[in-house]
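Good morning, and thank you for making time for this presentation. I should like to take you through one structure, part by part.

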Amino acid sequence: GNERIASSGMWRLEASDCKPEDLDGQIRFIFDQLTDDLAVWKSLGSKYKMDLFCGIFMECFNEGMELSHESLLVLGSRGIRIDLDVYG
């Protein structure tokens, strides 16, 4: 019977692991499921912390990866920071 409002929580969407890596494709997969309406994203960003968490598992020392300008634009225009955990 009592209503409770949580003080924390999260919405979670996931993309499948990719070998070789395809972070751009994974970002595209996630955001293709969501609205393109930037006003909605602005409203969400004014109320909630938004980030895209990525676990990056490198096969060898000094391996690199890159993000396309399209992926950076998708994240930046929505006010979403990218959070990378990199494992060597």
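Let me begin with a question: does D51 count as buried, exposed or partly exposed? With a relative accessibility of 33%, D51 counts as partly exposed. Please bear in mind throughout that this is a predicted model.

D51 takes part in a salt bridge, in which its side chain meets that of K49 at 3.9 Å, N to O. K49 itself counts as exposed, at 65% relative accessibility. The arrangement extends to a third residue, since salt bridges with shared partners join K49, D51 and R81 into one network.

D51 also belongs to strand β1, residues 51-57, and I turn to that strand now. Its side chains alternate between two faces. On one face are L52, C54 and I56, which are buried; D51, F53, G55 and F57 point to the other face and are not buried. Strand β1 is joined by seven bridges to strand β2, residues 81-87, and the two run parallel. Within that pairing, L52 of β1 has I82 of β2 as its bridge partner. Between the two strands, the chain passes through helix α3, residues 69-77, and this β-α-β crossover is right-handed.

I come next to the aromatic residues. How many aromatic pairs are there? The count comes to three, and I shall describe two of them.

In one pair, W11 and Y48, the ring centres are 5.4 Å apart. Their planes stand at 65 degrees, which is over the 60-degree cut-off, so the pair is edge-to-face. W11 sits in the segment before α1, and Y48 in the loop between α2 and β1; the pair therefore ties together parts that are 37 residues apart in sequence. W11 is exposed, at a relative accessible area of 70%, whereas Y48 is partly exposed, at 45%.

Another pair brings us back to the two strands. The rings of F57 and Y87 have centres 4.8 Å apart and planes at 10 degrees, so this pair is stacked. It links strand β1, which holds F57, with strand β2, which holds Y87, across 30 residues of sequence. F57 is exposed, with a relative accessible area of 60%, and Y87 is partly exposed, with 38%.

Let us now consider helix α1. Seven of its nine residues are buried, so α1 is largely enclosed by the rest of the structure. The buried residues are L23, D24, G25, Q26, I27, I30 and F31. What covers them? The cover includes α2, β1 and α3.

I return to charged residues for the last part. Side chains of opposite charge can pair when their charged atoms come close. Across the whole structure, the search finds four salt bridges.

One of these joins the side chains of D36 and R78, at 3.2 Å, N to O. This pair links distant parts of the chain: D36 is in the loop between α1 and α2, R78 is in the loop between α3 and β2, and their positions lie 42 residues apart in sequence. Is each partner buried or exposed? D36 counts as exposed, with 60% relative accessibility. R78, by contrast, has a relative accessible area of 10%, which is under the 20% cut-off, so R78 counts as buried. Leaving out residues up to four places away in sequence, R78 touches F31, T35, D36, L38, W41 and M50. Of these, F31 is also among the buried residues of α1. In addition, the side chains of R78 and S77 are joined by a polar contact of 3.2 Å.

A further salt bridge is formed by the side chains of E14 and R12, at 2.9 Å, N to O. Both E14 and R12 are exposed, with E14 at a relative accessible area of 53%. E14 is placed in the segment before α1. Apart from its neighbours within four places in sequence, E14 is in contact with F29 and I30. I30 is one of the buried residues of α1. As for R28, its C-alpha atom is separated by 11 Å from that of E14, and the two residues are 14 apart along the chain.

That concludes my presentation, and I thank you for your attention.

Conventions: Residues numbered from 1 in each chain as written. Predicted model: local features only at pLDDT ≥ 70, side-chain atom pairs only at ≥ 80, totals over all residues. Heavy atoms only, no water. Buried < 20%, exposed > 50% of the residue type's maximum accessible area, 1.4 Å probe, protein only. Helix = DSSP H or I, 4+ residues; strand = E, 2+ residues; numbered from the N terminus. Pairing = 2+ DSSP bridges. Right-handed = clockwise from strand over helix to strand, strands pointing away. Phe/Tyr/Trp six-rings, centres within 6.5 Å; stacked < 30°, edge-to-face > 60°. Contact = heavy atoms within 4.5 Å. Polar contact = N/O pair within 3.5 Å; in protein donor to acceptor, adjacent residues only side chain to side chain.
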